[in-house]
Amino acid sequence: MDSSAVHEVSARGPGARQRIRRVLANPKVSIPGAILLVIVVLAALSPIISPADYRDQVGFPLDTVGVMGTDDFGRDVLSRLLVGARTSLIVALLAVAIAAVLGVILGLVAGYRGGVTASAIMRSIDVLLSFPPVILAIAAVAILGPQLQNVILIIGVLYIPRFTRVVYTQVLSLKHADFVQAALSMGAPSRYILFKSLLPNIAAPIIVQLTLSLSFAIQIEAGLSFLGLGAQPPMPSLGTMVGAGRDYLEVQPSLLIYPALVIVGIVLCLNVLGDGLRDALDPRLNPA
């Protein structure tokens with residue numbers, strides 16, 4: 001089978017450059033995207049640009065030395081904020097990556113195979129969705145232990161259903177499309193149809209779901225860390241900093257305000273970015 005012939009019958013749309021220009025022209029994408037890029041770069045460079053080591057005592061406890069002062073142990077707040085943002089972002093990114101890979105594969109298989117395979121996969125997904133994510137995450141971390149790798153794994157498993165349902169629905173609407181039937185008639189194997197024909201045509205809703213899932217993952221990680229079930233001392237995360245700062249709200253409220261503002265900023269930007277991507281990538285709103 002000539003693989004190029006199969007591509008000829010795939011659903012066509014605007015070119016890659018045109019799509020990128022259209023997406024970036026949307027202020028709901030460009031503005032939060034730029035803010036998130038700055039936050040990610042600062043977090044990634046935190047070991048280099050931090051004024052001090054996040055573990056070192058650089059002044060007296062609750063002092064005003066430095067840009068943001070010191071915490072209750074005399075450690076530089078700005079340094080810990082940068083490293084904490086890096087920790088929270090890494091946890092969220094790895095967790096969502098796990099959820100996206102497994103969820104997309106399960107959704108593709110369930111939607112394309114149908115029958116008993118689809119029933120088994122989707123009923124398992126329904127069972128997982130029947131539990132509140134936060135409660136399930138707290139219970140799972142309490143059982144497995146408050147290590148970051150456990151937090152990543154648990155959040156990743158919790159968000160598999162979101163990707164599975166999105167992909168499953170999209171595949172159901174496309175698996176009888178002309179380009180899929182043409183590929184079948186030319187003898188294309190199932191894995192080729194799934195990953196070369198179907199997956200590129202459902203990439204837009206997957207990208208939107210990625211941004212929204214990152215937002216939820218940041219919130220769950222912050223909540224677990226706030227309860228002492230996430231990053232363990234002396235490693236900072238945004239949630240642990242909020243949890244530590246609440247005890248000094250009347251004395252030095254900035255210890256709580258700074259990490260809380262970063263969490264709110266990241267979550268807000270991700271939500272707006274998700275809405276912007278949905279609008280920009282929706283073919284009904286932007287016909288080719």
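A salt bridge is a side-chain nitrogen of Lys or Arg within 4 Å of a carboxyl oxygen of Asp or Glu. I start my notebook with that rule, and I remind myself that this is a predicted model.

**Entry 1: salt bridges**

I looked up Asp 71 and Arg 80 and found that their side chains meet in a salt bridge, with N and O 3.5 Å apart. That fits the rule, because the limit is 4 Å. Next I checked Arg 75, which forms a salt bridge with Asp 71 as well; here the closest N and O atoms are 2.9 Å apart. I noted that salt bridges sharing partners join Asp 71, Arg 75 and Arg 80 into one network.

Are these residues buried or exposed? Asp 71 is buried, because its relative accessibility is 7% and buried means under 20%. Arg 80 is buried at 8%, and Arg 75 is buried too, with a relative accessible area of 13%.

I also asked how many salt bridges the rule gives for the count. The count comes to five.

**Entry 2: a salt bridge within a helix**

Asp 275 and Arg 278 form another of the salt bridges, with the closest N and O atoms 3.4 Å apart. Both residues sit in helix α14, and because they are three residues apart there, about one helical turn separates them. I looked up their accessibility as well: Asp 275 is partly exposed at 27%, and Arg 278 is partly exposed at 45%.

**Entry 3: the surroundings of Arg 75**

I went back to Arg 75 and asked where it is found. Arg 75 lies in the loop between α4, residues 46-49, and α5, residues 77-113. I then listed its contacts, leaving aside neighbours within four places in sequence. Among them are Tyr 54, Arg 55, Asp 56, Gln 57 and Val 58. Arg 80 is on that list too, and I had already met Arg 80 as a salt-bridge partner of Asp 71. Pro 234 is another contact of Arg 75.

**Entry 4: Ser 46**

Ser 46 is found in helix α4. I noted it as buried, because its relative accessibility is 1%. Which residues is Ser 46 in contact with, once neighbours within four places in sequence are left aside? I found Leu 82, Val 83 and Arg 86.

**Entry 5: two helices side by side**

I moved on to helix α12 (residues 203-226) and helix α14 (residues 254-281). They pack at an angle of about 165°, and their axes are 9 Å apart. The two helices are therefore roughly antiparallel to each other, as angles over 145 degrees count that way. Their crossing is left-handed.

Who makes the contact? On the α12 side I wrote down several residues, including Ala 204, Ile 207, Val 208 and Leu 212. On the α14 side the residues include Ile 263, Ile 266, Val 267 and Leu 270. Arg 278 is one of the α14 residues here, and I knew Arg 278 from its salt bridge with Asp 275. Sorted by class, the contact has 14 nonpolar, five polar and one charged residues.

**Entry 6: the whole chain**

To finish, I stepped back. I looked up 14 helices and zero strands in the chain. The C-alpha atoms fill a box of roughly 75 × 45 × 30 Å along the principal axes. Of the 288 residues, 43% count as buried. Among contacts between residues at least 6 apart in sequence, 72% join residues at least 24 apart.

Terms used:
Residues are numbered from 1 along each chain as its sequence is written. This is a predicted model: local features need pLDDT of at least 70, side-chain atom pairs count only at pLDDT 80 or more; totals for chains, interfaces and linings use all residues. Side-chain values use heavy atoms; hydrogens and water are left out. Axes are lines fitted to C-alpha atoms, for helices over the stretch in contact, and angles run from 0 to 180 degrees between N-to-C directions. Helices (H or I, at least four residues) and strands (E, at least two) are DSSP runs, numbered from the N terminus. Angles under 35 degrees count as roughly parallel, over 145 as roughly antiparallel, 65 to 115 as roughly perpendicular and the rest as oblique. A crossing is left-handed if the near helix is turned anticlockwise from the far one by less than a right angle, and right-handed if clockwise. Contact means heavy atoms within 4.5 Å. Ala, Val, Leu, Ile, Met, Phe, Trp, Tyr, Cys and Pro count as nonpolar, Asp, Glu, Lys and Arg as charged, and the others, Gly among them, as polar. Buried means under 20% relative accessible area, exposed over 50%, partly exposed in between (1.4 Å probe, protein chains only).
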